[in-house]
Amino acid sequence: HAFHSDSTVEVIPEANYNVVFDIDGVLIKGSQVLPQTRHALGLLQSNNVPYIFLTNGGGLKEVDKAEQLSKKIGVHISPKQLILSHSPMRALASQYEDKNVLIVGGNGSDCRRVAEYYGFKNVVTPEEVHAVYPAVCPSSALEVRSVPLPEKYLQNVHRPVDAIMVFHDSVDWGRDLQVMLDALISKGGDLGTVKTETELHTTKQSVPLYFSNADMVWSNEHPNPRFAQGTFRSCLERIYKDMTGHDLEYTLYGKPMNATYQYAESVLNQLAPIHNDGLPHRRTVYAIGDNPYADIAGANAYGWKSLLVKTGVFKPQGDENHHIHPATAVVDNVEDAVRWILSKEI
Ligand code: G3P
Ligand code: MG
């Protein structure tokens, strides 16, 4: 349009509603891009509808995920449009600035870089603990690396752990559960120590714990949903309860948690500010997702409209809605979701 001198070319004003896309099970399935994805994004672009991506995935920086996704889908996605499960956990960095934080999940060095990028100054990962003390998890499937980790990564292994944050799915559940449990039942977070049997039953857990998402399952190219971070958490909860008699205490981020939706709203405010005409406004937001317990529960609770697709975790027999977290509408796929939204708005 920029080079067109024809004054009849219509400039479509920015829409006053927004779309929030889930990623896994909606746009992609593992290595595959779903066939409706490009068209769905194209429809929003041609109607000038601002949209963002809100995923419970993570394990890398927003800028890297945006680049990865842009390449995969073939549509440019800015890091400003992308929220990962751990993005809102950036806010914890000031609280834990001088503290030693055990960061769990994915490739240890990748999650370490995410944490450092958020402003955490002292990070340690289970992989680093294992590298220094191989006997910590003798049955680990992952051998201690043949290429040693940089010396500067290993310094915090000897410091007590002040908090545990799970940023992504574990790639070695045995190792990670062991190291996390070691911290939870230690004397003051010192990994080499353990509370007495009496202390275990009479005192609280030694360090606070955070998880970046609650999903029990997620959807990749396998025909049925796969374990996600919530199933890993269930294991830790059970082990901790058996060993101490207490319920594990933790804070959850990601969909469907309110903190994540507040963060998403602040991202939308940056991307598409509401024009103030003196009236109080609440933006209209349509969230498209495949997981009723994450995408639909979260959107409904936050006052957004929700579209549940059938390409991911949710697999109905027919056209029925989810019985616990019914969506505003159930549609076949992401393109139908976008068409449904446009039909209501235009
Ligand atoms: O671990 C679950 C995560 O991969 C799901 O991602 O995009 O469906 O929220 P998403
Ligand atoms: Mg999903």
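Phenylalanine 21 of strand β1 stands opposite isoleucine 288 in β13, in a model that is predicted, with local features requiring pLDDT of at least 70, side-chain atom pairs counted only at pLDDT 80 or more, and totals for chains, interfaces and linings using all residues. Residues are numbered from 1 along each chain as its sequence is written, chains are lettered from A and ligands numbered from 1 in the order in which they are written, and side-chain values use heavy atoms, with hydrogens and water left out. β1 and β13 pair in the parallel sense over five bridges; here two strands pair if DSSP finds at least two bridges between them. Strands (E, at least two residues) and helices (H or I, at least four) are DSSP runs, numbered from the N terminus.

Strand β1 also has a partner in β4 (residues 51-54), to which three parallel bridges join it. In that pairing, valine 19 has tyrosine 51 as its bridge partner. β1 itself spans residues 17-21 and is mostly covered, with five of its five residues buried, where buried means under 20% relative accessible area, exposed over 50% and partly exposed in between (1.4 Å probe, protein chains only). Tyr17, Val19 and Phe21 point one way from the strand, while Asn18 and Val20 point the other way.

Seen as a whole, the sheet is open and has six strands in the order β5-β4-β1-β13-β14-β15, paired in parallel. Its edges are β5 (82-83) and β15 (329-331), each of which pairs on one side only. Towards the β15 edge, β14 (residues 305-309) is joined to β15 by three parallel bridges, and valine 309 stands opposite valine 331. Helix α10 (residues 292-302) lies across β13 (284-289) and β14, and runs at about 160° to β14. Such angles run from 0 to 180 degrees between N-to-C directions, with axes fitted to C-alpha atoms, for helices over the stretch in contact, and contact means heavy atoms within 4.5 Å.

Turning to the ligand, 13 residues surround ligand 1, of which Asp22, Asp24, Thr55, Asn56 and Lys255 come nearest; a residue is near if one of its heavy atoms lies within 4 Å. Polar contacts are pairs of N or O atoms within 3.5 Å. A polar side-chain atom of aspartate 22 lies 2.7 Å from a ligand oxygen atom, a backbone N or O atom of isoleucine 23 lies 3.1 Å from one, and a polar backbone atom of aspartate 24 lies 2.8 Å from one. Taken alone, ligand 1 exposes 310 Å², of which the protein buries 94% (Shrake-Rupley method, 1.4 Å probe).

Conventions. A polar contact is a pair of N or O atoms within 3.5 Å; within protein, one must be able to donate a hydrogen and the other to accept it, and residues adjacent in sequence count only if both atoms are side-chain atoms.
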